[in-house]
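Thanks, everyone. Let's go straight to the model and walk through it.

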Amino acid sequence: MFVPEAGTCVPWDIKKKEFGTIAGNEELVKKEWTGLDALAYAFIWFWVQR
């Protein structure tokens, strides 16, 4: 059973496997993914706590 760390929905390590080979700057993609994932986490918790 997959249980993500607190503050994440889909960690970068798992998403990277889905992407396969990343052409270009991997750190840039990781940074954007991490930010998007954090927003998704906050959005979900906002609606859960209402």
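**Rings, bridges and overall form**

F46 is partly exposed, with a relative accessible area of 46%. One reminder before I go on: this is a predicted model. F46 sits in helix 2.

Who shares a cluster with F46? F43 and W47 do: together with F46 they form one aromatic cluster. Look at F43 and W47 as a pair. Their rings are edge-to-face, with centres 6.1 Å apart and planes at 65 degrees. The cut-off for edge-to-face is over 60 degrees, so 65 degrees qualifies. Both residues belong to helix 2, which covers residues 26-48. They are four residues apart, about one turn of the helix.

Now accessibility for these two. F43 has 52% relative accessibility, so F43 counts as exposed. W47 has 45%, which makes W47 partly exposed. The line for exposed is over 50%, so F43 passes and W47 does not.

Step back to the surface around them. F43, I44, W45, F46, W47 and V48 make up a nonpolar surface patch. Together these residues have about 650 Å² of accessible area.

Next, the aromatic pairs overall. How many aromatic pairs are there? The count is four. One of them is W12 with F19. Their ring centres are 6.2 Å apart, and the planes meet at 55 degrees. That pair is tilted. Why tilted? Because 55 degrees is neither under 30, which would be stacked, nor over 60, which would be edge-to-face.

Buried or exposed: what is W12? W12 is buried, at 9% relative accessibility. F19 is partly exposed, at 41%.

On to charges. Side chains of opposite charge can pair when their charged atoms come close. This structure holds two salt bridges.

Take K15 and E18. They form a salt bridge, and the closest N and O atoms are 2.8 Å apart. Both are in helix 1, residues 12-19. They are three residues apart, about one turn of the helix. Their accessibilities are worth a look. K15 counts as buried, at 17%. E18 counts as exposed, at 53%. The cut-offs are under 20% for buried and over 50% for exposed, so this bridge joins a buried residue to an exposed one.

What else does K15 touch? Leaving aside neighbours within four places in sequence, K15 is in contact with V10 and W33.

The other bridge is E26 with K16. Here the N to O distance is 2.9 Å. Which parts does this bridge tie together? E26 lies in helix 2 and K16 in helix 1, so the pair links parts that are ten residues apart in sequence. E26 is partly exposed, at 29% relative accessibility. K16 is partly exposed too, at 33%.

Now P11. P11 is in the segment before helix 1. Not counting residues up to four places away in sequence, P11 touches F2, P4 and W33. W33 also came up as a contact of K15. What is the distance in space between P11 and D37? It is 7.9 Å, C-alpha to C-alpha. In sequence, P11 and D37 are 26 residues apart.

Finally, the whole chain. The protein has two helices and zero strands. Its radius of gyration is 12 Å, well over the 10 Å that the globule rule gives for 50 residues, so the protein is more spread out than a compact globule. Along its principal axes, the C-alpha trace spans about 40 × 25 × 15 Å.

How much of the protein is buried? Buried residues make up 10% of the 50 residues. W12 and K15 are among the buried residues, at 9% and 17% relative accessibility. As for the surface, the protein exposes about 4,300 Å². Carbon and sulfur atoms supply 63% of that area.

To recap. In helix 2, F43 and W47 form an edge-to-face pair, and F46 joins them in one cluster. In helix 1, K15 bridges to E18. Between the helices, E26 bridges to K16. That's the tour.

Conventions: Residues numbered from 1 in each chain as written. Predicted model: local features only at pLDDT ≥ 70, side-chain atom pairs only at ≥ 80, totals over all residues. Heavy atoms only, no water. Phe/Tyr/Trp six-rings, centres within 6.5 Å; stacked < 30°, edge-to-face > 60°. Buried < 20%, exposed > 50% of the residue type's maximum accessible area, 1.4 Å probe, protein only. Patch = residues over 30% accessible without salt bridge, like charges linked within 9 Å, V, L, I, M, F, W, Y side chains within 5 Å. Areas by Shrake-Rupley, 256 points an atom, 1.4 Å probe, with all protein chains shown as cover. Salt bridge = Lys/Arg side-chain N within 4 Å of Asp/Glu carboxyl O. Contact = heavy atoms within 4.5 Å. Rg over C-alpha atoms; globule rule 2.2 N^0.38 Å.
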